[in-house]
Amino acid sequence: MNHLGFLVILLLHCFLTNAILFAIPAQHVGTSPPTLKARPTYNTNKIFERKVRIRSTKDSDIDDIAALLASTLHEPCGEFNWKASLDTLRRVKSFKHLIRNRFYTLLEGKKAISTIDASILSDESQEAERLRIMWNCDSFRSLVQTAAEQSKEPHAWTDHNFALCPEDLSYLQHKMFTVQDAASGSILGFCEVAMMLTPNTDNCDMNPTIANLVTSPEYRRCGIGSSLLASVKRYVKQNWRSEKLALYVKRSNARAIGLYQKQGFEEYCTVDDREECYYIVQ
């Protein structure tokens with residue numbers, strides 16, 4: 001599941017946690033269908049021997065992440081195609097711009113947090129004051145507004161007056177995860193989660209929602225996607241105190257749906273009578 005649009009928002013907790021969440025061995029989660037076995041593109045045994053790290057995204061990851069996201073939209077055709085190559089380059093550039101803007105918004109939020117007195121940070125009853133101080137940072141507020149205006153996702157900022165503070169810190173909850181090969185340093189996957197509105201409802205109910213989830217084509221069906229989803233669910237539960245996690249997926253993507261169902265996701269609704277449906281785990 002992958003979306004161009006997304007809600008750029010900031011989570012206070014993500015700056016107070018360690019950059020590296022944990023290290024895991026890549027696990028095989030199923031047998032590849034015959035069509036995939038007929039055209040292997042990598043040495044499977046070497047993959048299973050490697051370890052991967054799931055950690056917070058860094059600035060240096062962005063180029064590789066953009067290439068991964070663009071690859072999900074590329075339709076392979078047996079021969080070189082100039083038009084397809086140019087389209088891919090444009091997609092990579094677009095993804096770089098979007099992801100980098102979101103990442104710099106997070107960095108600006110970190111600067112805003114650094115100006116808050118430690119006694120206010122540690123006092124849960126001072127959430128409104130923390131939010132007020134952050135929102136008074138003009139550069140941060142401007143970046144959040146720009147990012148929200150670029151987003152096509154169902155976020156809560158659509159009619160928001162950016163001169164005013166959002167209702168609570170949940171509006172700013174956002175986290176980026178990178179999967180990295182511990183030995184080579186290669187970027188193997190990426191996930192982005194943020195608070196978004198629940199579709200087909202009249203209220204402003206929001207759930208932690210996966211905006212982007214991608215793994216390297218050469219490393220799929222090796223357990224990386226499953227491990228990444230498990231990490232996101234654990235992070236959301238521990239840091240956002242939410243038992244829910246949602247995502248969007250096309251009905252035609254049977255492989256992805258199978259992965260999500262194994263992780264406990266169940267279909268909630270179809271979005272706008274399109275092929276896309278909304279899954280949520282509770």
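This section describes the fold, the strand pairing and selected side-chain contacts of a predicted model.

The chain comprises 9 helices and 8 strands. Of its 282 residues, 46% count as buried. The accessible surface of the chain amounts to about 14,600 Å², and carbon and sulfur atoms supply 50% of this area. Among contacts with a sequence separation of 6 or more, 70% are accounted for by residues 24 or more positions apart.

Strand S5 spans residues 206-215. Because 10 of the 10 residues of S5 are buried, the strand is largely enclosed by the rest of the structure. On one side, S5 is joined by 9 bridges to strand S4 (residues 187-197), and the two strands run antiparallel. Within this pairing, Phe190 stands opposite Val214 of S5. S5 also pairs with strand S6, here in the parallel sense and over 2 bridges. Thr209 has Ala246 of S6 as its bridge partner.The connection between these two parallel strands involves helix H8 (residues 224-239): S5, H8 and S6 together make a right-handed β-α-β unit.

Thr215 belongs to strand S5. With a relative accessibility of 12%, Thr215 falls under the 20% limit and therefore counts as buried. When neighbours within four places in sequence are left aside, the contacts of Thr215 are Leu68, Leu188, Gly189, Arg220, Ile224 and Gly225. Of these contacts, Leu188 and Gly189 fall within the residue range of S4, the strand that is joined to S5 in the antiparallel sense. Ile224 and Gly225 fall within the range of H8, the helix of the β-α-β unit.

Strand S6 covers residues 245-250 and is mostly covered, with 5 of its 6 residues buried. In addition to the parallel pairing with S5, S6 pairs with strand S8 (residues 276-281) in the antiparallel sense, over 6 bridges. In this second pairing, Val249 has Cys277 of S8 as its bridge partner. S6 thus takes part in a parallel pairing over 2 bridges and in an antiparallel pairing over 6 bridges. As a general feature, side chains in a regular strand alternate between the two faces of the sheet.

After S6, Asn253 is found in the loop between this strand and helix H9 (254-262). Asn253 is partly exposed, its relative accessible area being 30%. The C-alpha atoms of Asn253 and Glu276 are 9.7 Å apart in space, while the two residues are 23 positions apart in sequence. Glu276 lies in the residue range of S8, the strand that pairs with S6 in the antiparallel sense.

Aromatic side chains were examined across the whole structure, and the search finds 11 aromatic pairs. In one of them, the rings of Trp135 and Trp157 have their centres 5.7 Å apart and their planes at 15 degrees, so the pair is stacked. The pair links distant parts of the chain, 22 residues apart: Trp135 is in helix H6 (residues 127-135), whereas Trp157 is in the loop between helix H7 (138-150) and strand S3 (174-181). Trp135 is buried, with a relative accessible area of 2%, and Trp157 is likewise buried, with a value of 2%. Both tryptophans belong to one aromatic cluster, which is formed by Trp135, Phe140, Trp157, Phe162 and Tyr171. A further ring is involved in a contact with a charged group: the charged end of Lys175 sits over the ring of Phe177, 6.0 Å from its centre.

Helix H4 spans residues 82-114 and contains Ser94. Ser94 is partly exposed, with a relative accessible area of 32%. Ser94 and Ala70 are 24 residues apart in sequence, and their C-alpha atoms are 8.9 Å apart in space.

Definitions and conventions: Residues numbered from 1 in each chain as written. Predicted model: local features only at pLDDT ≥ 70, side-chain atom pairs only at ≥ 80, totals over all residues. Heavy atoms only, no water. Buried < 20%, exposed > 50% of the residue type's maximum accessible area, 1.4 Å probe, protein only. Helix = DSSP H or I, 4+ residues; strand = E, 2+ residues; numbered from the N terminus. Pairing = 2+ DSSP bridges. Right-handed = clockwise from strand over helix to strand, strands pointing away. Contact = heavy atoms within 4.5 Å. Areas by Shrake-Rupley, 256 points an atom, 1.4 Å probe, with all protein chains shown as cover. Phe/Tyr/Trp six-rings, centres within 6.5 Å; stacked < 30°, edge-to-face > 60°. Lys NZ or Arg CZ within 6 Å of the ring centre and 35° of its normal.
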